[in-house]
Amino acid sequence: MVDKIEEINDAGLSQKMKGFWLRALSAVELDNHEYAVSLCQAILKECPGFLDGRKLARKCATYEGGIDKGKKTSAMTAFLGSGGGFSAAKVRSTIKSDPESALPMLEVELSKDPYNPQMNELLFESAMRLNMLETAAFGLETVRTGAPSNTKLLHKLADHYLARDMPSKSVGVYNDIIARDPTDMDAQKGSKDASARASMKKAKKDESDEYTLQKKDEVEAVDLQQDDVQGMTREQMRNRLSKLMDEYTADQNNLPLVKKIAALYEEMGYAPDSYVFYSWAHELSDNDISLKNKASLMKKKMEDEEFRAVEREAKANPDDEAIQAKYTKAKDERLDKAVAECQTRVDANPTDPSLRFDLGFAMSEKGEYSDAIPHLQQASRNPHIRTRSLLLLAQTFKAKSMFDLAIKQLVDALEDLHTMDDVKKQILYEKGLIHVEMEDKAKALESFKEIYEVDYGYRDVAKKVESSYGA
């Protein structure tokens, strides 16, 4: 057990962990959030002070399955396993004896429910015992974002900032509390006191080098705010782009500038332009893998947009043989390319189950069901992607009319699911459809009824169930 853990950035990671970190960033770019979480957890076991890894894990947990902020990520729970968790009492007991050992336990629980106030408070307590002040603040800031009604913990966060002589941040927290509960007199007083401290702190600044440095930081902060395009209107983004392009004309080898332009084009939805600038940034950066991945992602988006245009044209002209032939050719080429790219990634890293799943999926989409099966079977051995691997494997067996094997995969998947979430409903529905194919109406009805009992409006289960009663 240690009394203090140094908080580090990616420069402080070992070479092996830097490799893990780059893979995690790449996984995020490919929307493989559950794999990114598992990589972050591996890094944090060796480097618990790597706050960026903790932040990325939490961000991925909130994205998985499109779950709204503040809600439990049921899809993530399915991938990470709903059983075998750690109770708050067990974590709290571990914190008292060995706070460092409690951190991996907390990551497991927060990967399932990232905004859980109790677990984030325990992260705060554990981090404070290890003098990880930024990590401690992050735990409570997560509550501030995802569970802002928990004003008790927001008060604790405000006190934490005051203790670190950060009164301006404390004011922001108190104001959040007041916005939610104007009758909170402690927050009213805290905001006034913290504002006074912030004013006094600012008043002590003079024209010394320290003050000059602060002004420089403020200017840079404003510039960074301008580069945060997510809050901009389209007109503001166009104006910002015009300014950046003027700068680019004067210096086309300015890497930070090229990255800003690429990111702005990405936010505006201009994938072809974004691809060009991310590719140029990659060349300027001396092979920065994250920029290479960004360029690849933009290229894929560009190709997706081109394909969707052809697809829309085909739907609008169903009787035009030339257009239909063009669509069929584009679709075949798209599937061939997807399989080839996935195969290349598997050849480079044959033990990665996530890559095996991607290859199996691409082969299944192309209709190469027999080739897809061994890859999906390997992917199903990994608990993080077991559920969706079994589901796709079942659909693959179904396509080959091997209905009994398809049902077996779905039964195995259901054994791992303990709550009736969207994942379980999808598997039950698929199971019902396969029983229909097998002409086993009784078992098909059993599957549909399980969904009907909890979600009347799911797809067409109401019609299927009620029609069996002659309703």
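Helix axes that meet at an angle over 145 degrees count as roughly antiparallel. In this predicted model, helices H16 and H17 pack at an angle of about 150 degrees, and they are therefore roughly antiparallel to each other. Two buried residues are also described below: Lys424 and Ala102.

**Packing of H16 and H17**

- H16 covers residues 289–316 and H17 covers residues 321–348.
- The axes of the two helices lie 9 Å apart, and the crossing of H16 and H17 is left-handed.
- On the H16 side, the residues that meet H17 include Lys299, Glu303, Asp304 and Phe307, along with Val310, Glu311, Glu313 and Ala314.
- On the H17 side, the residues that meet H16 include Ile323, Gln324, Lys326 and Tyr327, along with Ala330, Lys331, Arg334 and Lys337.

**Lys424 in H22**

- Lys424 sits in helix H22, which spans residues 422–437.
- Lys424 is buried but has no salt bridge.
- The nearest side chain of opposite charge belongs to Glu450, 4.9 Å away from Lys424, whereas a salt bridge requires a side-chain nitrogen of Lys or Arg within 4 Å of a carboxyl oxygen of Asp or Glu.
- Not counting residues up to four places away in sequence, Lys424 touches Leu414, Leu417 and Thr419.

**Ala102 in H6**

- Ala102 belongs to helix H6, residues 99–112.
- The relative accessible area of Ala102 is 0%, so this residue is buried.
- Leaving aside neighbours within four places in sequence, Ala102 is in contact with Val91, Thr94, Ile95 and Ser126.
- Val91 and Ala102 are 11 residues apart in sequence, and their C-alpha atoms are 5.9 Å apart in space.

Key
Residues numbered from 1 in each chain as written. Predicted model: local features only at pLDDT ≥ 70, side-chain atom pairs only at ≥ 80, totals over all residues. Heavy atoms only, no water. Helix = DSSP H or I, 4+ residues; strand = E, 2+ residues; numbered from the N terminus. Buried < 20%, exposed > 50% of the residue type's maximum accessible area, 1.4 Å probe, protein only. Lys, Arg positive; Asp, Glu negative; His and termini not counted. Contact = heavy atoms within 4.5 Å. Axes fitted to C-alpha atoms, helices over the stretch in contact; angles between N-to-C directions. Parallel < 35°, antiparallel > 145°, perpendicular 65-115°, else oblique. Left-handed = near helix turned anticlockwise from the far one by under 90°.
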